[in-house]
Amino acid sequence: MSLNFRHYFLLFFLVVHHLSYGQGQGRSPYSVIGVGELSNETTAIQDMMGGTGVSFSNTFYVNGLNPALMAKDRVINGLKYVAFNVSGSGYFRNLEQGTSLGQDFGLNLSNLSMAFPVARQWTIGVNFRPYSIVDNENFTRRSFSGSSSISSYTLTDNGGLSKVGLTNSFNIAR
């Protein structure tokens, strides 16, 4: 990568990061309660298998449901393989309350993980994923007693909790 390209790449992300929003999954009324709406523990590959995949092992895939499988098949024919997985999730919702109808759409990063072999029987993995998502907006109108004036309130919550993990996986016996 040339130095000039690196400068343009860095400049692009410095400019674009002001336009991006993190943890946006669409407005959900359930994210008002507690820490928010909990994210799925599965990745896109596991979702395509119906949410299963505890025993799914692959050289180029990081299994977050069963981290003990990370050490399996990470070295093939003497070559060490690093697995890097990025996935996102999105929602399209139809919201209805009485006669009021609304539609909402949101996207978010759902998994960022990497596993790399340290030795033939030892693999270390790191991951970052959202734990919960808070994204809601409430409108309230109240009238003043003894007056015909109406006051409007807008309450907005955004964010959530994220989790970062470090995993060590050892292959004790083959």
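1. Serine 169, leaving aside its neighbours within four places in sequence, is in contact with Pro67, Ala68, Leu69, Met70, Ala71, Gln121, Trp122 and Thr123. The residue itself is found in strand 7, and in this predicted model its relative accessible area is 2%, so that serine 169 counts as buried, the limit being under 20%. A further relation across the chain is that to isoleucine 124, which lies 45 residues away in sequence, while the two C-alpha atoms are separated by 6.2 Å.

2. For the general layout, the protein has two helices and seven strands, and from the N terminus on these elements follow the order α-β-α-β-β-β-β-β-β. Of the 174 residues, 27% count as buried, and the accessible surface of the protein comes to about 12,200 Å², with 60% of that area belonging to carbon and sulfur atoms. Among the contacts with a separation of 6 or more, 57% are accounted for by residues 24 or more positions apart.

3. The pairing of strand 6 (122-143) with strand 7 (150-170) is antiparallel and extends over 21 bridges. Within this pairing, asparagine 138 has leucine 155 of strand 7 as its bridge partner. The two strands form a hairpin with six residues between them, and there glycine 146 takes a positive phi near 80 degrees.

4. Strand 4 (residues 83-97) and strand 5 (residues 100-119) run antiparallel and are joined by 15 bridges. One of the partnerships is that of glycine 88 with leucine 109 in strand 5. Here the hairpin has two residues between the strands, and glycine 98 in the turn has a positive phi of about 65 degrees.

5. Strand 5 also pairs with strand 6, in the antiparallel sense and over seven bridges, and these two strands likewise form a hairpin, with two residues between them. In this pairing methionine 114 stands opposite valine 126 in strand 6. Strand 6 has a further antiparallel partner in strand 1 (residues 37-38), to which two bridges join it, and the bridge partner of glutamate 37 in strand 6 is isoleucine 133. Strand 6 is therefore to be read as paired with strand 1, with strand 5 and with strand 7.

6. A reader inspecting the surface may wish to look at the nonpolar patch formed by Val82, Phe84, Val86, Leu109, Leu112, Met114, Phe116, Val118, Val126, Phe128, Val164 and Leu166, which together have about 1,000 Å² of accessible area. Two or more residues of the patch come from each of strand 4, strand 5, strand 6 and strand 7, and strand 5 gives the most, with five residues. Several residues named above in the strand pairings return here, including Leu109, the bridge partner of glycine 88, as well as Met114 and Val126, which stand opposite one another.

7. Leucine 112, a member of the patch, is found in strand 5. Its relative accessible area is 31%, and because a patch residue needs over 30%, leucine 112 passes that limit; by the same value leucine 112 is described as partly exposed.

8. Serine 113, which is also placed in strand 5, has a relative accessibility of 4% and counts as buried. Not counting neighbours within four places in sequence, serine 113 is in contact with Val62, Ala83, Phe84, Asn85, Val126 and Asn127. Two of these contacts, Phe84 and Val126, are listed among the residues of the nonpolar patch.

9. Serine 87 has its place in strand 4 and, at 13% relative accessibility, counts as buried because the value is under 20%. With residues up to four places away in sequence left out, serine 87 touches Thr43, Ala44, Leu109, Ser110 and Asn111. For Asn111 a distance can be added: serine 87 and asparagine 111 are 24 residues apart in sequence, yet their C-alpha atoms are 5.1 Å apart in space.

Notes:
Residues numbered from 1 in each chain as written. Predicted model: local features only at pLDDT ≥ 70, side-chain atom pairs only at ≥ 80, totals over all residues. Heavy atoms only, no water. Helix = DSSP H or I, 4+ residues; strand = E, 2+ residues; numbered from the N terminus. Buried < 20%, exposed > 50% of the residue type's maximum accessible area, 1.4 Å probe, protein only. Contact = heavy atoms within 4.5 Å. Areas by Shrake-Rupley, 256 points an atom, 1.4 Å probe, with all protein chains shown as cover. Patch = residues over 30% accessible without salt bridge, like charges linked within 9 Å, V, L, I, M, F, W, Y side chains within 5 Å. Salt bridge = Lys/Arg side-chain N within 4 Å of Asp/Glu carboxyl O.
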